[in-house]
Amino acid sequence: MNNSYEAVMARKNDIMRQSVGIDYNQYEQDYISFDFEKMMDDCGFELDEIRKIQAESGVGQTPLKECKNITALARKVAKPGYGARIFIKDEALNDSGSFKARRASISCYQAKKMGYKGVIAATSGNYGAAVASQAAKYGLKCIIVQECYDSKGVGQPEIIEKARACEAYGAEVVQLSVGPELFYKFLLLLEETGYFNASLYTPYGIKGIESLGAELVEDSIRLTGKEPDMVVVTNAGGGNLTGTARGIKQVTDKKIEIVGSSVNLKGLHMASDTDFNKKSFTTGHTGFGIPFIMNPDRSDVPRSAARALRYIDRYVTVNQGEVFFMTEALSILEGIERGPAGNTSLAAAFSLAQELPEDKVIIVQETEYTSAGKHHQAQLAFARDNGICIYFGNPQDEIPGRSIVFPKDISFLKAINLDLDKIKTKYINNHIKGLKQISNKDLEFLVNETNTSKRFVENLLTHKNIEVEAKHE
Amino acid sequence: MNLIKKNTWVLIKKTILEPKERTGSIPEETKKVPLLMWVKGYTLDDANIGQNVKIKTLTGRFETGELVEANPSYMHTYGKFVPEILEIDKLLKDTLFGGENNE
């Protein structure tokens with residue numbers, strides 16, 4: 001068989017169909033749209049079933065904890081009467097140490113059910129350990145493919161630790177240097193082994209998080225007597241936000257503000273061999289968050305089930321120094337030592353809490369485990385070794401890849417709003433590029449995809465001289 | 001040089017794509033270096049570090065590449081101490097509890 005890069009990429013769709021067991025073609029419709037809800041429904045897994053599978057596999061029912069000291073700290077700088085109560089969902093307590101266990105549990109359950117001998121996932125994040133851990137439970141073989149090193153063989157300490165964790169759960173870890181062609185090796189491995197593609201972006205990978213959304217509403221009612229007012233979600237590929245929001249909607253009709261937050265890594269190129277080790281966050285950052293929200297289908301499956309723009313109400317960024325600062329605050333003020341990347345949403349929540357009255361409830365919906373390599377001490381030491389300047393000042397002065405700036409006092413910790421309307425406009429323009437007409441279904445799809453209105457989309461269509469067909473058979 | 005015996009757990013390195021084979025849509029600094037892979041397994045032959053070997057991985061696959069390390073270890077740490085972390089602690093506690101005078 002021809003295994004050149006071009007030949008393997010040309011076989012992509014066949015490899016995918018065999019490794020996920022989903023025929024994505026059946027959901028395609030008209031010019032640009034596909035039936036997202038049907039794709040989600042067809043995969044099955046009602047909320048109760050998800051909870052049952054997870055309860056039997058060391059996943060879910062994590063505690064919701066009130067961060068009373070962090071809340072009190074926010075109130076020191078909020079105007080009188082302001083500073084919402086901040087809670088965290090301690091997802092680090094799932095088997096394998098992160099919320100990703102929820103996604104892996106359903107993927108591995110499905111792989112076992114369909115008779116696959118093993119699972120493969122392409123991930124440098126906590127998802128690797130999660131898949132390895134769940135695969136161990138189901139007796140599935142497991143391969144995790146990581147982007148880990150630069151071309152000199154220098155690895156991100158955080159990713160090296162995640163490789164160790166994968167191996168601790170019995171997985172084979174295939175590590176690659178920087179570059180999107182990781183996907184090429186991933187396809188070769190799927191073809192060679194015939195294993196299930198435990199992608200983060202299949203409906204299974206998203207359904208598994210719906211239990212998290214449901215739980216955090218139920219936890220909040222139990223602890224505070226009401227639903228949360230705001231849920232803050234660290235956003236990278238969009239799956240965490242999509243699954244959480246879908247889960248919330250299944251247990252309450254109350255309008256809960258869903259806020260996405262990402263670490264600002266502006267200026268660092270994600271496929272750059274030299275930028276690779278200049279970043280201190282390998283996930284939860286804008287380098288994934290922005291491209292994936294604009295184009296979810298750039299993932300490793302033909303149609304991603306992670307579609308953050310459908311559910312996000314507000315999108316903010318925080319800087320690396322602010323996230324490390326709050327990671328330390330969680331440890332020193334709340335006695336909870338956790339990994340930095342998961343605290344991206346905590347840093348955002350600290351700032352957002354100051355905008356809301358004291359009786360409001362904000363939930364930070366994840367934490368992740370910490371250890372050697374995957375600890376803010378390790379990440380900061382690595383940054384310093386790579387020539388990054390670390391100092392106290394205004395975090396807004398931070399230049400990713402050159403500096404990490406801790407707030408010189410807590411009033412300097414500020415979540416910065418991204419312009420969601422601009423992002424939605426770009427999303428729509430990207431999807432209608434080069435077209436002369438679209439169908440009514442396509443129009444409806446764009447409205448749903450961007451959570452906008454018919455009028456919002458029609459304005460953009462008119463501007464580009466694109467007609468909407470009266471009827472499309 | 002120490003001969004690594006057959007059936008030893010080893011780490012190998014392999015070039016997956018030469019620079020000229022890399023995809024067009026990546027930054028120049030990435031395009032001029034090869035795409036490398038590291039994977040572990042049991043070596044099928046006696047070999048020295050730097051030699052090309054065939055290995056059998058944990059899932060029973062075979063890969064070939066340059067022998068890098070025998071019995072590869074996890075050597076990642078918490079890194080050199082970063083004293084600024086203690087300054088963060090002081091700032092947080094002073095702000096919340098009002099500094100030493102209020103203890």
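**Helices, sheet and chain contact in a predicted model**

Helix α13 of chain A makes a convenient starting point, as 13 of its 15 residues are buried, leaving the helix mostly covered. The model described here is predicted. Spanning residues 320–334 of chain A, α13(A) reaches 21 Å from its first C-alpha to its last. That reach is close to the 21 Å expected at 1.5 Å a residue. Just after α13(A) comes A:G335, whose phi is positive, near 70°.

Turning to the overall layout, the domain assignment divides chain A into domain 1 (18–48 + 99–203), domain 2 (54–97 + 205–417) and domain 3 (420–468). The centres of domain 1 and domain 3 of chain A, taken over C-alpha atoms, are separated by 32 Å. These two domains of chain A are nevertheless in contact, through five residues of domain 1 and seven residues of domain 3. On the domain 1 side of chain A, the residues touching domain 3 comprise two nonpolar, two polar and one charged.

Chain A also contains an open sheet of seven strands with mixed pairing. Read across the sheet of chain A, the order is β3-β4-β12-β9-β10-β11-β15. The edges are formed by β3 (64–66) and β15 (416–417) of chain A, each of which pairs on one side only. Helix α10 (residues 203–224) of chain A packs on this sheet, where it touches β3, β4 (85–89), β9 and β12 (361–364) of chain A. The direction of α10(A) makes about 45° with that of β3(A).

Within the sheet, strand β9 (residues 230–234) of chain A deserves a closer look. Five of the five residues of β9(A) are buried, so this strand is largely enclosed by the rest of the structure. A:M230, A:V232 and A:T234 point one way from β9(A), while A:V231 and A:V233 point the other way, and all are buried. Strand β9(A) pairs in the parallel sense with strand β10 (residues 257–263) of chain A over five bridges. Along this pairing, A:M230 has A:E257 as its bridge partner in β10(A), and A:T234 stands opposite A:S261.

Strand β10(A) has a helical neighbour as well. The buried residues of α12(A) pack against β10, β11 (314–318) and α16 (420–432) of chain A. In α12 (residues 286–294) of chain A, the buried residues are A:T286, A:G287, A:F288, A:G289, A:F292 and A:I293.

Finally, the two chains meet in a contact that takes 49 residues from chain A and 35 residues from chain B. On the chain B side, the elements giving two or more residues are β1 (9–17), α1 (28–31), β2 (35–43) and α2 (84–97) of chain B. Of these, α2(B) gives the most, with nine residues. By class, the side of chain B that touches chain A has 19 nonpolar, eight polar and eight charged residues. Strand pairing also crosses between the chains: strand β7 (residues 172–177) of chain A and β2(B) pair in the antiparallel sense over two bridges. In this pairing, A:Q175 stands opposite B:W38 of β2(B).

Note on methods. Residues are numbered from 1 along each chain as its sequence is written. Chains are lettered from A and ligands numbered from 1 in the order in which they are written. This is a predicted model: local features need pLDDT of at least 70, side-chain atom pairs count only at pLDDT 80 or more; totals for chains, interfaces and linings use all residues. Helices (H or I, at least four residues) and strands (E, at least two) are DSSP runs, numbered from the N terminus. The expected span of a helix is 1.5 Å times one less than its number of residues. A residue is buried if 20 or more other C-beta atoms lie within 10 Å of its own, exposed if 12 or fewer, and partly exposed in between; C-beta atoms are placed from the backbone. Domain bounds come from an automatic or database domain assignment. Ala, Val, Leu, Ile, Met, Phe, Trp, Tyr, Cys and Pro count as nonpolar, Asp, Glu, Lys and Arg as charged, and the others, Gly among them, as polar. Two strands pair if DSSP finds at least two bridges between them. Axes are lines fitted to C-alpha atoms, for helices over the stretch in contact, and angles run from 0 to 180 degrees between N-to-C directions.
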